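Q: Please take a close look at one part of this protein, the nonpolar core and what surrounds it. I should like a connected account that a bench biochemist can follow on the model.

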Amino acid sequence: ELDALRLALLQRPTELHLLDRHGDSLLHLAIRRVDTAAVRCVLAAGFDVNTRSAGNWTPMEEAMACVQACVGADAAADVKAKAVAAQQVLREIHLAVQLDEQKRWAGRRETVLRTLRSMPDFSAVLAWRIGSYMLGVATLLRRFLPSDTYRIRKRGVRVRVDSTLAGLDYDALTWHRGLLSLIIRFDAGYGEIWGDMGRYGEIWG
């Protein structure tokens with residue numbers, strides 16, 4: 001069956017991204033069947049991992065749904081094997097998405113760098129809050145709804161964002177606060193663009 005799929009993809013490459021009468025692509029079907037070999041085969045043929053089904057599902061969303069469907073399922077051996085296979089399928093799709101993002105970034109990197117170099121350095125403050133205009137409700141929810149103030153600074157082709165929102169304390173239903181800094185190095189290679197002050201603090205000063 002896998003050989004037949006490879007042959008069909010070679011003979012009819014223009015049909016790679018067609019949807020069937022149910023609105024599913026070849027990759028969506030392979031993911032739903034938890035067929036790792038078929039997933040690899042379709043990806044190797046050049047399938048665009050951003051393709052959505054008629055239900056507006058991406059391959060990544062389909063793979064995550066398959067994994068979630070296996071959580072808490074019957075502990076039978078065949079079900080466990082399917083859960084392991086679903087995790088493998090998800091890893092394959094995640095890797096394909098990462099490779100696609102690398103290619104997309106490589107295609108627009110020089111444009112982003114030219115734009116940043118043409119802009120003057122700047123500093124900006126952005127404050128935001130989630131709330132409600134309903135009388136009485138805003139005061140009640142103020143403790144639980146997040147808010148923060150971002151300080152954004154550009155220097156050359158690098159951007160630094162400082163914030164204080166660190167996470168949610170689910171027991172106390174309050175938000176953790178701290179001093180958080182993210183440095184974005186647009187001149188770095190893919191995978192080295194993002195970093196915190198502990199990783200890239202020396203390049204900012």
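A: A convenient point of entry is Val89, which, leaving aside its neighbours within four places in sequence, is in contact with Ile31, Val34, Asp35, Thr36, Val39 and Ala63. The model is a predicted one.

Val89 belongs to the largest nonpolar core, a set of 24 residues, and is listed with Leu27, Ile31, Val39, Leu43 and Ile93 as having the most contacts inside it. Two or more residues of this core come from each of H1, H2, helix H3 (36-44), helix H4 (59-70) and H5. As a general background, nonpolar side chains in soluble globular proteins tend to be buried together.

Helix H3 deserves particular attention. Its buried residues are Thr36, Ala38, Val39, Cys41, Val42 and Leu43. At the N-terminal end of H3, Asp35 acts as a cap, with a side-chain oxygen 3.3 Å from the backbone nitrogen of Ala37. Just after H3, Gly46 adopts a positive phi of about 100 degrees.

Thr36 is placed in helix H3. With a relative accessibility of 13%, Thr36 counts as buried, because the limit for that class is under 20%. Not counting residues up to four places away in sequence, Thr36 touches Ala85, Gln88, Val89 and Glu92.

Two cysteines can be considered alongside this helix. Cys41 is buried at a relative accessible area of 9%, and Cys66 is likewise buried, at 12%. The structure nevertheless holds 0 disulfides.

Earlier in the chain, Ser25 occupies the loop between helix H1 (2-11) and helix H2 (26-32). Ser25 is buried, with a relative accessible area of 0%. The side chain of Ser25 is joined to that of His28 by a polar contact of 2.5 Å. Beyond residues up to four places away in sequence, Ser25 also touches Leu18, Leu19 and Phe47.

The largest core has 24 residues, and apart from it lies another core, of 8 residues, among them Leu113, Val159, Phe186 and Ile193. Phe186 is buried, with a relative accessible area of 19%.

Phe186 also leads to the aromatic pairs, of which a search of the whole structure finds 2. One of these is formed by Trp105 and Phe186; the pair is tilted, at 6.2 Å centre to centre and with 45 degrees between the planes. Trp105 lies in helix H5 (residues 77-118) and Phe186 in the loop between strand E4 (174-185) and strand E5 (194-196), so the pair ties together parts that are 81 residues apart in sequence. Trp105 is buried as well, with a relative accessible area of 9%.

These details may finally be set within the whole chain. The protein chain has 7 helices and 5 strands, which from the N terminus run α-α-α-α-α-β-α-β-β-β-β-α. Of its 205 residues, 30% count as buried. Among contacts between residues at least 6 apart in sequence, 52% join residues at least 24 apart. The accessible surface of the protein chain is about 13300 Å², and 58% of that surface belongs to carbon and sulfur atoms.

Key
Residues numbered from 1 in each chain as written. Predicted model: local features only at pLDDT ≥ 70, side-chain atom pairs only at ≥ 80, totals over all residues. Heavy atoms only, no water. Phe/Tyr/Trp six-rings, centres within 6.5 Å; stacked < 30°, edge-to-face > 60°. Helix = DSSP H or I, 4+ residues; strand = E, 2+ residues; numbered from the N terminus. Buried < 20%, exposed > 50% of the residue type's maximum accessible area, 1.4 Å probe, protein only. Polar contact = N/O pair within 3.5 Å; in protein donor to acceptor, adjacent residues only side chain to side chain. Contact = heavy atoms within 4.5 Å. Core = buried A, V, L, I, M, F, W, Y, C linked by side-chain atoms within 4.5 Å. Disulfide = S-S within 2.5 Å. Areas by Shrake-Rupley, 256 points an atom, 1.4 Å probe, with all protein chains shown as cover.
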